[in-house]
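Colleague: I am new to this structure and would rather understand one part well than skim over everything. Please choose a single residue, describe its surroundings with care, and work outwards from there to the rest of the chain.

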Amino acid sequence: THSLRVTVLGEVAHPGVFVLPPHAGVMQALASAGGLTDFAERDSIFVLQSGRNVRVRFKYDALLENQSKSTGFVLLDGDVVAVE
């Protein structure tokens, strides 16, 4: 149960690398980065998992509404959250 280092890029208030607790989700990463900017594409939030060559798309409203797929998704150490 080590903490995660997750990079948050793109249209967020404070892009950067954040240390998150184990089992953190996309909303925790976005909150750590200060949330979305006014220019963010709310339907174009991506998690990139380099080791597994995975790119998962999320919609902000689905994250807010705690829809099952979104809330069940757990970030891994080294993941990148990109907001377009």
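**One strand and what lies around it**

Modeller: Leaving out residues up to four places away in sequence, Leu-9 touches Pro-15, Val-80, Val-81, Ala-82 and Val-83, where a contact means heavy atoms within 4.5 Å. Before going further, please keep in mind that this is a predicted model, in which local features need pLDDT of at least 70 and side-chain atom pairs count only at pLDDT 80 or more, while totals for chains, interfaces and linings use all residues. Side-chain values use heavy atoms, with hydrogens and water left out, and residues are numbered from 1 along each chain as its sequence is written.

Leu-9 sits in strand S1; helices (H or I, at least four residues) and strands (E, at least two) are DSSP runs numbered from the N terminus. With a relative accessibility of 39%, Leu-9 counts as partly exposed, the class that falls between buried (under 20% relative accessible area) and exposed (over 50%), taken with a 1.4 Å probe and protein chains only. Although Leu-9 and Phe-46 are 37 residues apart along the chain, their C-alpha atoms are separated by 9.9 Å.

The strand itself, S1, covers residues 4–10 and pairs with S2, residues 16–20, in the antiparallel sense over five bridges; two strands pair if DSSP finds at least two bridges between them. Within this pairing Leu-4 stands opposite Leu-20, and Thr-7 has Val-17 as its bridge partner. The two strands form a hairpin, with five residues between them. S1 also pairs with S5, residues 80–83, this time in the parallel sense and over four bridges, and there Val-8 is bridged to Val-81.

Glu-11 belongs to the loop between S1 and S2, and its relative accessible area of 29% makes it partly exposed. Apart from neighbours within four places in sequence, Glu-11 is in contact with Gly-35, Leu-36, Thr-37, Phe-39, Ala-40, Val-83 and Glu-84. One of these, Ala-40, is 29 residues away along the chain, yet the C-alpha atoms of Glu-11 and Ala-40 are separated by 5.0 Å.

Stepping back, these strands belong to an open sheet of five strands with mixed pairing, in the order S2-S1-S5-S3-S4. S2 and S4 stand at its edges with a single partner strand each, so one side of each has no neighbour in the sheet. From one strand to the next the twist averages 25°, given by axes that are lines fitted to C-alpha atoms, for helices over the stretch in contact, with angles from 0 to 180 degrees between N-to-C directions. Towards the other end of the sheet, S3 and S4 run antiparallel and are joined by five bridges, with Val-47 and Val-56 as bridge partners. S3 and S4 likewise form a hairpin, here with four residues between them, and Asn-53 in the turn has a positive phi of about 55°.

Just before S3, Ser-44 lies in the loop between helix H1 (26–32) and strand S3 (45–49), and it counts as buried, at 12% relative accessibility. Beyond its neighbours within four places in sequence, Ser-44 contacts Arg-57, Phe-58, Ala-82, Val-83 and Glu-84. Ile-45, counted in the same manner, has contacts that include Val-26, Leu-30, Val-56, Tyr-60, Leu-63 and Val-81.

Ile-45 leads on to the largest nonpolar core, a set of buried Ala, Val, Leu, Ile, Met, Phe, Trp, Tyr and Cys residues joined through side-chain atoms within 4.5 Å. That core holds 23 residues, of which Val-8, Val-26, Leu-30, Ile-45, Leu-75 and Val-81 touch the most other members. Two or more of its residues come from each of S1, S2, H1, S3, strand S4 (54–58), helix H2 (60–64) and S5.

For the chain as a whole, the elements run β-β-α-β-β-α-α-β from the N terminus on. The radius of gyration is 12 Å, close to the 12 Å that the globule rule gives for 84 residues, so the chain is as compact as a globular protein of that length; this radius is taken over C-alpha atoms, and the rule is 2.2 Å times the number of residues to the power 0.38. Buried residues make up 39% of the 84 residues. Among contacts between residues at least 6 apart in sequence, 51% join residues at least 24 apart.
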